[in-house]
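Subject: Structure for your review

Dear colleague,

Please find below the structure that I am handing over to you, together with its sequence. My notes on it follow directly after.

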Amino acid sequence: VGDHPRLVIPFFDENNELFCFQGRSFGNEQPKYITFKLDPDRNKIYGLNRVDKSKPIYVVEGPIDSLFLDNCLAVAGSSNFAKDIPKENTTIVFDNERRNKEILIQIEQIIDKGYNVVLWPDDIKEKDINDMILSGKTKDEVQTIIKNNTYQGNMAKIKFATWRKINA
């Protein structure tokens, strides 16, 4: 695999105890992320030590994306969205990857489980929140886009049916 510099991201629990850490590549090295769980029974959820459960919670895929939203957790991979994440007061924010069949299946499952979910508008071309910030959008602009494109229940199902077909 070779040795490449990586950003080391620590994961702390509600008690500020380290339970996992992740190395993220700076370039195109593969794998992009290398994760080490100190407790194999814990799910990889970043930001537990700084989220306020009494306020609306946003949940994104990557720890870096989570730094740009207020009161945000990251699940360190899209397959972890429904693990240990309460439905009440929570909005799931997948990366903007309509062409990814696995992501589409996961979005549909999240909608069926009753979560709030963000369905990115057509004019957003960036893959994730980090890319949106890098392209010049402000944190407030991204949060407004998220707020204006959050759906739940039947409205989410209707919107998703159309959304998944656009640019597919």
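Asn71 counts as buried, with a relative accessibility of 16%, in this predicted model. The cut-off for that class is under 20%, so the value of 16% places Asn71 inside it. Asn71 belongs to the loop between H1 and S5, and its phi is positive, about 50°, although the residue is not a glycine.

A second residue of this kind is Asn89, a non-glycine whose phi is positive and near 70°. Asn89 is located in the loop between S5 and S6. With a relative accessible area of 38%, Asn89 is partly exposed.

Two other residues of the loop that holds Asn89 deserve mention. Gly77 is found between strand S5 (72–74) and strand S6 (90–93), and Gly77 is partly exposed at a relative accessible area of 25%. Its C-alpha atom is separated by 9.5 Å from that of Pro63, and the two residues are 14 apart along the chain. Ile85 also has its place in the loop between S5 and S6, but Ile85 counts as buried, at 6% relative accessibility. Between the C-alpha atoms of Ile85 and Leu73, which are 12 residues apart along the chain, the separation is 9.3 Å.

The backbone has one further feature to report. Gln30 and Pro31 are joined by a cis peptide bond, with omega at about -5°. Pro31 is placed in the loop between S2 and S3.

I turn next to the charged side chains. Side chains of opposite charge can pair when their charged atoms come close. Over the whole structure, the search finds eight salt bridges. One of them is formed by the side chains of Glu108 and Arg164, at 3.7 Å from N to O. Glu108 lies in helix H2 (residues 101–112), while Arg164 is in the segment after helix H5 (153–163), so this pair ties together parts that are 56 residues apart in sequence. Both partners are partly exposed: Glu108 has a relative accessible area of 35%, and Arg164 has a relative accessibility of 27%.

Another salt bridge brings together the side chains of Lys137 and Glu126, at 3.2 Å from N to O. Here Lys137 lies in the loop between helix H3 (129–134) and helix H4 (139–148), and Glu126 in the loop between strand S7 (116–118) and H3, so the parts tied together are 11 residues apart in sequence. Lys137 is partly exposed, at a relative accessible area of 22%, whereas Glu126 is buried, at 15%.

The side chains of Asp128 and Lys127 meet in a salt bridge as well, at 3.6 Å from N to O. Asp128 counts as buried, with 10% relative accessibility, and Lys127 is partly exposed, with a relative accessible area of 34%. These two residues belong to a network of salt bridges that links Asp95, Lys127 and Asp128.

Where do Asp95 and Lys127 lie with respect to the largest pocket? They are among the residues nearest its centre, together with Tyr33, Glu61 and Gly62, and the lining comprises 17 residues in total. The elements that give two or more residues to this lining are strand S2 (18–25), strand S3 (33–37) and helix H1 (63–66). H1 supplies the largest share, three residues. By character, the lining residues of the largest pocket divide into eight charged, five polar and four nonpolar. The space in the largest pocket is about 280 Å³.

Finally, the aromatic side chains. The structure holds four aromatic pairs. In one of them, Phe11 and Phe19 are arranged edge-to-face, with 6.3 Å from centre to centre and 85° between the planes. Phe11 counts as buried, at 0% relative accessibility, and Phe19 counts as buried at 4%. Phe11 and Phe19 form one aromatic cluster with Tyr46. In addition, the charged end of Arg42 sits over the ring of Phe19, 4.1 Å from the ring centre.

With kind regards

Key:
Residues are numbered from 1 along each chain as its sequence is written. This is a predicted model: local features need pLDDT of at least 70, side-chain atom pairs count only at pLDDT 80 or more; totals for chains, interfaces and linings use all residues. Side-chain values use heavy atoms; hydrogens and water are left out. A salt bridge is a side-chain nitrogen of Lys or Arg within 4 Å of a carboxyl oxygen of Asp or Glu. Helices (H or I, at least four residues) and strands (E, at least two) are DSSP runs, numbered from the N terminus. Buried means under 20% relative accessible area, exposed over 50%, partly exposed in between (1.4 Å probe, protein chains only). On a 1 Å grid over the protein atoms alone, a cavity is a set of points where a 1.4 Å probe fits but cannot get out, and a pocket is an open set with protein on both sides within 12 Å along at least five of seven lines; lining residues have an atom within 4 Å of a point. Grid points are joined across faces, edges and corners, and a volume is the space filled by probe spheres set on the points. Ala, Val, Leu, Ile, Met, Phe, Trp, Tyr, Cys and Pro count as nonpolar, Asp, Glu, Lys and Arg as charged, and the others, Gly among them, as polar. Rings of Phe, Tyr and Trp (its six-membered ring) pair if their centres lie within 6.5 Å; planes under 30 degrees apart count as stacked, over 60 as edge-to-face and the rest as tilted. A charge sits over a ring if NZ of Lys or CZ of Arg is within 6 Å of the ring centre and within 35 degrees of the ring normal.
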